[in-house]
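Q: I would like to learn how to read this model. Can we go through it feature by feature?

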Amino acid sequence: MYNPNSLKAEEFIDDAEILETLDYAQKNKDNAELIDSIIEKAEKRKGLSHREAAVLLDCTLADRNERIFELARQIKKDFYGNRIVMFAPLYLSNYCVNSCVYCPYHCQNKHIARKKLTQEEIRQEVIALQDMGHKRLALETGEDPVNNPIEYVLESIKTIYDIKHKNGAIRRVNVNIAATTVENYCKLKDAGIGTYILFQETYHKESYEKLHPAGPKHNYAYHTEAMDRAMEGGIDDVGLGVLFGLELYRYEFAGLLMHAEHLEAVHGVGPHTISVPRVKKADDIDPTAFDNGIDDDTFAKIIACIRIAVPYTGMIISTRESEACREKALSLGISQISGGSRTSVGGYAGYSPEERPHDTEQFDVSDQRSLDEVVNWLMKLGYIPSFCTACYREGRTGDRFMSLCKNGQIQNCCHPNALMTLKEYLMDYASPDTRDVGVKLIESEIGNVPNEKVRGIVVDNLAKIEQGSRDFRF
Ligand code: SAM
């Protein structure tokens, strides 16, 4: 029985409710009157229910679809301005005891090289990432209680935060590790993590169990209820996602929004981010073996409908996607992207920007540009690449972050922080061309800080950054 307030996976992600939702959406896919009323509700920028959003996702009326895309673009601008937050993944270990059929780290894969970074190797990786200009990381590991126990992850987080190399610093470590216990989530919270990210992969229980035939990840309820345990453990920024391509996208879309509604209902705060990965080619993985791959147009529609349904939730796109696909996605709702990423264990240190080690890689990266190229590209598209990590360091997490979004103060906070962290990047890491483009962009963007006093402080701080000071934030 569907109940968003329940703590049981099968009640807050109720299969019957999803199937009814999909049926309702199909029956109303060209119901102009209903679609108009949903768009009007969405225009109030307070979000939509999973049922309403499912109707928009299925909508077949060309003119209404144009309105949906336009509204997504507008909400993106209103809530996130032209800032795009930058991050990079850091793979610590690909030892794994699971059997995920889409992931080359599955334990039956005997020919992929297995590697776990030592603390010294992590230092080298982090220095390489700092030298690119990164300030925010997403830690990735396979699930292996012997090789990658929680103590290893905690020690690695401490190592990362402690590294001070030139002007570099990793100021926010997000963590994407397997579902774990409340006790371990408390430890991650105490270690100072930013967001806890865990992709559901698929919300469809039967498919989930087939796609994870063995290992701890096989347990659908344990995996699906992980965010509740994370929040119970004190982590209030959690990141959802599904791996598109495994199951019917319409099913996943409804499940994802029901999960968001559940977190809001139970914990009073929805997901901090939603990621939209698609299955990619990898070592022994052929993405065409999965029947539910989605084309770029469907992918764009999903992004637009998520943007409209949960306007306060950040959206992440990784280098799994090509430059062209990312460009389109940015305008429709994406607020965070990775750049210069390596998905192998130890893929950063000691390699030139052109060299890519493949032996321990998790999946092929489509956007292979360096961070500098991505930053340059973003600015030429009119975006401000932001290396800001202030909210979490100022305690603005969970509902405090959401209230900042809701009262519109974000423009007096995130916008200046974006400009100041971009300035740091330009001073310390950018190529001459990127620096030129960035300096002009900052000049033209200062006027867009609404509060006069704040604007004055920003101008002052930008000058101080030029003279060598670092790490200003609101
Ligand atoms: N091991 C952790 C877990 O079990 O949740 C998460 C870390 S894993 C390195 C990060 C994510 O990569 C997975 O949750 C999955 O969605 C994604 N992934 C795995 N194989 C992939 C593939 N072939 N293409 C694209 N993404 C993939």
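Q: By class, what residues make up the shell around the ligand?
A: Keep in mind that this is a predicted model. Sort the shell by residue class. Here twelve residues are nonpolar, three are polar and six are charged.

Q: How many residues surround the ligand, and which are the closest?
A: There are 21 around the ligand. The closest are Cys-103, Glu-140, Phe-199, Lys-280 and Phe-363.

Q: At what angle do helices H5 and H13 pack?
A: Take the angle together with the axis distance. H5 (residues 62-80) and H13 (residues 296-309) pack at about 55°, and their axes are 9 Å apart. The angle falls outside 65 to 115 degrees, the range that counts as roughly perpendicular, so H5 is oblique to H13. Their crossing is left-handed.

Q: Which residues make the contact between H5 and H13?
A: H5 brings Ile-68, Phe-69, Leu-71, Ala-72, Ile-75 and Lys-76. H13 brings Ala-304, Cys-305, Arg-307 and Ile-308. By class, this contact has eight nonpolar residues, two charged and no polar ones.

Q: Is helix H15 mostly covered or mostly uncovered?
A: Count neighbours: a residue with 20 or more other C-beta atoms within 10 Å of its own is buried. In H15 (residues 371-380), seven of the ten residues are buried, so the helix is mostly covered. The buried ones are Leu-371, Asp-372, Val-374, Val-375, Asn-376, Leu-378 and Met-379.

Q: What covers the buried residues of H15?
A: The cover includes strands S1 (83-93) and S9 (384-386). It also includes helices H6 (119-132), H18 (414-428) and H19 (432-446).

Q: Which residue just after H15 takes a positive phi?
A: Gly-382 does, at about 95°.

Terms used:
Residues are numbered from 1 along each chain as its sequence is written. This is a predicted model: local features need pLDDT of at least 70, side-chain atom pairs count only at pLDDT 80 or more; totals for chains, interfaces and linings use all residues. Axes are lines fitted to C-alpha atoms, for helices over the stretch in contact, and angles run from 0 to 180 degrees between N-to-C directions. Helices (H or I, at least four residues) and strands (E, at least two) are DSSP runs, numbered from the N terminus. Angles under 35 degrees count as roughly parallel, over 145 as roughly antiparallel, 65 to 115 as roughly perpendicular and the rest as oblique. A crossing is left-handed if the near helix is turned anticlockwise from the far one by less than a right angle, and right-handed if clockwise. Two residues are in contact if their C-beta atoms, placed from the backbone, lie within 7 Å. Ala, Val, Leu, Ile, Met, Phe, Trp, Tyr, Cys and Pro count as nonpolar, Asp, Glu, Lys and Arg as charged, and the others, Gly among them, as polar. A residue is near a molecule or strand if its C-beta atom, placed from the backbone, lies within 6 Å of it. A residue is buried if 20 or more other C-beta atoms lie within 10 Å of its own, exposed if 12 or fewer, and partly exposed in between; C-beta atoms are placed from the backbone.
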